[in-house]
Amino acid sequence: MGEEAVEFSVEKVARDCKQSAVDVGDRTYVIGRSDDDSKSSIIVKILDKLTQTWAVPTVLGTQPTLTKSQSAIPVNDEKILIIEKGVPLNESIWFLEIDTPFVKQQRKIKGTEVVSWSKGIIGVGQKPVVISGPSGVGKGTLSAKLMKDYPSKFGFSVSHTTRSPREKEIDGVHYHFTERSKIEKDISEGKFLEFAHVHGNVYGTSIEAVESVTDEGKRCILDIDVQGARSVRASSLEAIFIFVCPPSFKELEKRLRARGTETEEQIQKRLRNARAELDQSNSPGLFDHLLVNDDLETCYENLKKLLSLDDDHEDSDDLFIKDGKQSASYCIVSKHDSEFLLQPETNEAKNGATSLLALDLSSLSGGAPGRTRGLKIRSINSF
Ligand SMILES: Nc1ncnc2c1ncn2[C@@H]1O[C@H](COP(=O)(O)OP(=O)(O)OP(=O)(O)O)[C@@H](O)[C@H]1O
Ligand SMILES: Nc1nc2c(ncn2[C@@H]2O[C@H](COP(=O)(O)O)[C@@H](O)[C@H]2O)c(=O)[nH]1
């Protein structure tokens, strides 16, 4: 069976350098290790070719290590593809976001030049599930049931909060309990997907909390309030949004009291907020599904149906992941539309890297900021 021949045009690829210079429009982006090798950080500098002035941007996101050298090429006006040398392929693909919607938004907030690192992930991963609803409605109970019954399918996004731990709550398991100054600093550094002031405390979902679950191949569950759901809806993360309603306000109050975790004053505050949250359950375009949690088992069965847990649906990502799991390291040689030709580095034959690979970026799908998902890879034995 002959594969269709693909023509790759040779574009300017910055290769095998300690620092790569990549031209995008009127700017040159210089990316790489600093001249002082004792510093492990990566520098990014921007040259405005029209004015011949340099800018050092605020760099957001977790940076790659860039241990030796890298190859780099623009994907489009929004991002630069970088492949790190000497690292297995599925660890080596990175993007420097230079003008994505996220970067534009951060630039506006900070009033400075901003770029952001994003790790390339082969395959799509399953959409996270946002479960929202008033305090005491049973979101935590439903999520815990899912996690207990499907431990290999679901993982919980561990939020950060400034509230004090309840008895039996464990730091790092139920929440990351944190100081207000620390969470505010992390939020300002772009580490959070969303945050909100809820019942007098700050709660937030870090990008890492969601992506570490998705990276494990699990579907991430976010138990967050309605403000948080709204922020996630506005972000690049594609998720399913479920609102859980109580059968009545009286029953909600009964459950909150029966849980016995809040003072009377806190219960009153949560009930006041519950009215506002219930009013927003029908906000146009916010929630995909409403579930009434009257009888717990019935509600849980309905939740499972929504998540197609009765289907034996398998993700087809494995098709693409096979090549990405190679231990060999590659570098970019050229570009054809949204495909990038990757060539094994010399001496990689012993690692099984005998063929060229095509990295397809045509169907990138929204990960949280910090991850670019939906990369596809195929082998090209001859072209
Ligand atoms: N269908 C149900 N019928 C009766 N009690 C329920 C039902 N679902 C949950 N509960 C109970 O209601 C209380 C509140 O549930 P849970 O803690 O799961 O709510 P929550 O929505 O996660 O609240 P919060 O937003 O404050 O974290 C718990 O004591 C739980 O056992
Ligand atoms: N916007 C966010 N809301 C969150 C997050 N984590 C939890 N929550 C919501 O807060 C209330 C109160 O929770 P509790 O544990 O103090 O009872 C509840 O509605 C949660 O859904 C978050 O990261 N972001």
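## Two ligands and their surroundings

Q: In this predicted model, how far is a nitrogen atom of ligand 1 from an N or O atom in the side chain of Asn293?
A: The pair to look at joins a nitrogen atom on the ligand 1 side with an N or O atom in the Asn293 side chain. A polar contact needs such a pair within 3.5 Å. The separation here is 2.8 Å.

Q: How much of the accessible area of ligand 1 does the protein cover?
A: On its own, ligand 1 has 640 Å² of accessible area. The share of this that the protein covers is 74%.

Q: Which side-chain polar atom lies 2.5 Å from an oxygen atom of ligand 1?
A: Oxygen atoms of ligand 1 have side-chain partners too. For Lys139, an N or O atom of the side chain is 2.6 Å from a ligand 1 oxygen. The 2.5 Å separation belongs to a polar side-chain atom of Thr141.

Q: Which helix gives the most residues to the shell around ligand 1?
A: The shell counts 14 residues, with Ser135, Lys139, Gly140, Thr141 and Arg259 coming nearest. Two helices each supply at least two shell residues: H3, spanning 139–149, and H7, spanning 249–259. With 3 residues, the one that gives the most is H3.

Q: How many charged residues does the shell around ligand 1 have?
A: Sorting the shell by class gives 3 nonpolar residues and 6 polar ones. The space that ligand 1 takes is the largest pocket. The charged residues in its shell number 5.

Q: How much of ligand 2 does the protein bury?
A: Start with the contacts: an oxygen atom of ligand 2 is 2.7 Å from an N or O atom of the Ser159 side chain, and another polar side-chain atom, from Arg163, lies 2.6 Å from a ligand 2 oxygen. For the side chain of Tyr175, the N or O to ligand oxygen separation is 2.5 Å. Ligand 2 taken alone exposes 510 Å², and the part of that buried by the protein is 95%.

Q: Which strands give two or more residues to the shell around ligand 2?
A: Ligand 2 takes up space that is the largest pocket. The elements giving two or more residues to its shell are strands, one covering 192–198 and the other 201–206. They are E15 and E16.

Q: How many charged residues are in the shell around ligand 2?
A: There are 18 residues around this ligand, and Ser159, Arg163, Tyr175, Glu194 and Tyr203 come nearest. The class split starts with 5 nonpolar and 5 polar residues. The charged group holds 8.

Q: Which residue has its backbone oxygen 3.1 Å from a polar atom of the side chain of Lys335?
A: Lys335 sits in strand E20, residues 330–336. Its relative accessibility is 13%, under the 20% limit, so Lys335 counts as buried. The backbone oxygen 3.1 Å from a polar atom of its side chain comes from Val75.

Q: With which side chain does the side chain of Glu339 make a polar contact?
A: Glu339 belongs to strand E21, which runs over residues 339–344. Glu339 is buried because its relative accessible area, 12%, falls under 20%. At 2.9 Å, the partner of its side chain is that of Arg378.

Q: How far apart are the C-alpha atoms of Ala328 and Gly86?
A: Ala328 is in the loop between helix H10 (318–324) and E20. With 0% relative accessibility, Ala328 counts as buried. Along the chain, 242 residues separate Ala328 and Gly86, while their C-alpha atoms are separated by 8.0 Å.

Q: Is Gln19 buried, partly exposed or exposed?
A: Gln19 is placed in strand E2, residues 19–24. Ile31, 12 residues away in sequence, has its C-alpha 5.4 Å from that of Gln19. The relative accessible area of Gln19 is 25%, and values between 20% and 50% set the middle class, so Gln19 is partly exposed.

Q: What is the approximate phi of Lys168?
A: Lys168 lies in the loop between strands E13 (160–161) and E14 (176–177). At 73% relative accessible area, Lys168 is exposed. Its phi is positive, in a residue other than glycine, and is near 75°.

Terms used: Residues numbered from 1 in each chain as written. Chains lettered and ligands numbered in written order. Predicted model: local features only at pLDDT ≥ 70, side-chain atom pairs only at ≥ 80, totals over all residues. Heavy atoms only, no water. Near = heavy atom within 4 Å. Polar contact = N/O pair within 3.5 Å; in protein donor to acceptor, adjacent residues only side chain to side chain. Areas by Shrake-Rupley, 256 points an atom, 1.4 Å probe, with all protein chains shown as cover. 1 Å grid on protein atoms, 1.4 Å probe; cavity = no way out; pocket = protein on both sides within 12 Å on 5 of 7 lines; lining within 4 Å. Sits in = over half its atoms within 2 Å of the grid points. Helix = DSSP H or I, 4+ residues; strand = E, 2+ residues; numbered from the N terminus. Nonpolar A, V, L, I, M, F, W, Y, C, P; charged D, E, K, R; others polar. Buried < 20%, exposed > 50% of the residue type's maximum accessible area, 1.4 Å probe, protein only.
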